[in-house]
Amino acid sequence: MGISQNTDAFKFQRLFLETAGFWPRRNASILYQIYGFCTCGIIILFAVSLLLSTMVVKDFKQLILGWCLFTAMLNCSLKFTVFRVKMPAFLELLDFIRSHHFFYHREEFDHYLKRIIKIATAVVMLFFCSGMTSYVCLISAPFFSKEGRTTPFPFPLDFKQYSVMVYILAYVFQGVALFSAAWISFGFDNLSTGMMGLCAAYFAILRQTIISVTEAFRNENPDSINLYRKHDKQIFSDLCDCSTHHLAVISFTQQIEQIFSYVFLSQFLCSAGGICLSGFTFINSEPGSLECVIALSVMGTLMFQITLYCAYGNEVTIQSAMVLDACYMTEWIYCGPEVRRNLFLIMERSKRPLVLTAGKFINLSLSSLVSVIKSAASYAMVLYQLYH
């Protein structure tokens with residue numbers, strides 16, 4: 001069947017980003033670049049309109065809802081802007097993962113890569129279905145509202161003082177802007193997590209490859225003192241490939257950190273604030289109301305996004321640490337000094353597990369996820385106490 005292509009882990013993400021003019025291209029046409037900037041501009045304008053709407057509302061709950069929506073759109077704007085700045089580095093990363101360092105492994109270990117590709121595809125489809133369901137609910141909610149001329153989200157205009165055409169234009173603007181933000185998020189959020197998934201898969205492949213390099217000793221007589229002379233040359237050659245692959249995966253992880261670190265930081269900060277504000281709005285809204293639907297949708301989306309980042313980051317850390325154990329699990333006691341030295345070097349590199357961070361401030365781990373959600377819930381209750 002052959003070895004899987006690592007680019008399959010983000011083929012759907014690429015489709016989403018290309019249709020929005022957001023996928024990096026070295027020789028992109030002027031029209032493609034303009035299309036991408038227009039898409040990003042609409043999202044930024046939407047965030048600004050939400051910010052302005054918070055300045056004209058008088059109700060505290062409406063103010064919190066406005067800030068909640070602004071936080072979500074600000075998160076999208078910041079992430080997309082950072083990614084645009086890092087596009088040249090991302091193109092170099094794509095070239096790097098197509099190199100021979102990531103295709104040397106045996107076919108019997110390819111199931112780790114296939115598993116990550118399947119998970120990445122399933123997560124994209126789940127994200128797409130849940131996102132489009134939320135989008136339809138949010139956009140269609142004003143049709144069921146008893147108030148006249150209401151938009152899906154707060155807008156800094158009183159539509160009763162303007163013509164119907166202004167109301168329709170504002171409604172269409174919000175619908176297009178929200179769809180653009182959701183469409184790019186489908187691809188972008190799963191692109192970074194898909195890359196982290198590939199890191200974890202390659203560490204798992206490396207671990208199994210290291211264990212298997214000394215399997216020739218298992219069928220030999222272990223009492224032979226000079227047994228290592230029979231297999232050491234081949235084992236040393238295989239371990240050199242493993243060492244090169246280890247350095248390549250470490251470099252791959254460090255490049256992901258360099259490109260997406262501030263994206264992760266934006267996600268953490270905005271998610272903490274957004275979950276807090278949307279949680280407060282959800283608690284104080286009437287069940288089934290437009291405010292309740294919006295708050296629940298925003299809170300669910302932000303929690304899903306930050307959970308993806310933390311879960312994949314945690315897996316990278318675990319798999320990178322397990323490489324050290326794999327070296328010890330080999331039949332190293334029957335190996336010669338050169339092989340042992342090579343194993344020792346790999347173990348030394350693995351003593352400090354790789355940790356992806358959010359702007360060098362927060363580690364992407366499950367413990368960080370719990371801390372963020374606990375903090376957001378605590379601040380939501382503080383707001384609730386202040387309001388009542």
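The expected span of a helix is 1.5 Å times one less than its number of residues. Helix H2 is a convenient place to apply this rule in the present model, which is a predicted one. With 24 residues at 1.5 Å a residue, H2 should span 34 Å, and its end C-alpha atoms are indeed 34 Å apart, so the two values agree. Helix H10, at residues 366-387, can be treated in the same spirit: its 22 residues reach 32 Å from the first C-alpha to the last, close to the 32 Å expected.

These two helices belong to a chain with 10 helices and two strands. Read along the sequence, the elements follow the pattern α-α-α-α-α-α-α-α-α-β-β-α. The C-alpha trace spans about 95 × 50 × 30 Å along its principal axes, and of the 388 residues of the chain, 50% count as buried.

The UniProt entry, which is unreviewed, annotates "transmembrane region" at residues 34-57, 63-82, 119-144, 164-186, 259-281, 293-312 and 361-387. Two of these spans can be set beside the model. Residues 34-57 are 83% helix and 0% strand, with end C-alpha atoms 35 Å apart. Residues 63-82 are 100% helix and 0% strand, and here the end C-alpha atoms lie 28 Å apart.

Burial adds detail to both helices introduced above. In H2, the buried residues are Tyr-32, Gly-36, Thr-39, Cys-40, Ile-43, Phe-46, Ala-47, Ser-49, Leu-50 and Ser-53. Cys-40, for instance, is buried because its relative accessible area of 8% falls under 20%. The C-alpha atom of Cys-40 is separated by 30 Å from that of Ser-365, a residue 325 positions away along the chain.

In H10, the buried set consists of Ser-368, Leu-369, Val-372, Ala-376, Ala-380 and Leu-383. These residues cover an arc of only 105° around the axis, which puts them on the same side of H10. An α-helix has 3.6 residues a turn, so residues three or four places apart point the same way. On the other side of H10, Ser-367, Lys-374 and Gln-385 are exposed.

Ser-368 also offers a link to helix H8, where Thr-307 is found. The C-alpha atoms of Thr-307 and Ser-368 are separated by 9.8 Å, although their positions lie 61 residues apart along the chain. Thr-307 itself has 32% relative accessibility and therefore counts as partly exposed.

Helix H8 (290-328) appears again in the second largest pocket, whose volume is about 450 Å³. Of the 27 residues that line this pocket, the closest to its centre are Leu-178, Ala-182, Ser-297, Val-298 and Thr-301. At least two lining residues come from each of helices H2 (30-53), H3 (60-85), H5 (111-140), H6 (164-212) and H8. By class, the lining has 18 nonpolar, nine polar and no charged residues.

A last local feature concerns the strands. Lys-360 is found in the loop between strand S1 (357-358) and strand S2 (362-363). Lys-360 has a positive phi of about 65° although it is not a glycine. Most residues other than glycine have a negative phi. With a relative accessible area of 65%, Lys-360 is exposed, in contrast to Cys-40 of H2, which is buried.

Methods. Residues are numbered from 1 along each chain as its sequence is written. This is a predicted model: local features need pLDDT of at least 70, side-chain atom pairs count only at pLDDT 80 or more; totals for chains, interfaces and linings use all residues. Side-chain values use heavy atoms; hydrogens and water are left out. Helices (H or I, at least four residues) and strands (E, at least two) are DSSP runs, numbered from the N terminus. Buried means under 20% relative accessible area, exposed over 50%, partly exposed in between (1.4 Å probe, protein chains only). The arc is that of the directions from the helix axis to the C-beta atoms. UniProt positions are given in the numbering used here, feature names are shortened, and annotations may be inferred rather than shown by experiment. On a 1 Å grid over the protein atoms alone, a cavity is a set of points where a 1.4 Å probe fits but cannot get out, and a pocket is an open set with protein on both sides within 12 Å along at least five of seven lines; lining residues have an atom within 4 Å of a point. Grid points are joined across faces, edges and corners, and a volume is the space filled by probe spheres set on the points. Ala, Val, Leu, Ile, Met, Phe, Trp, Tyr, Cys and Pro count as nonpolar, Asp, Glu, Lys and Arg as charged, and the others, Gly among them, as polar.
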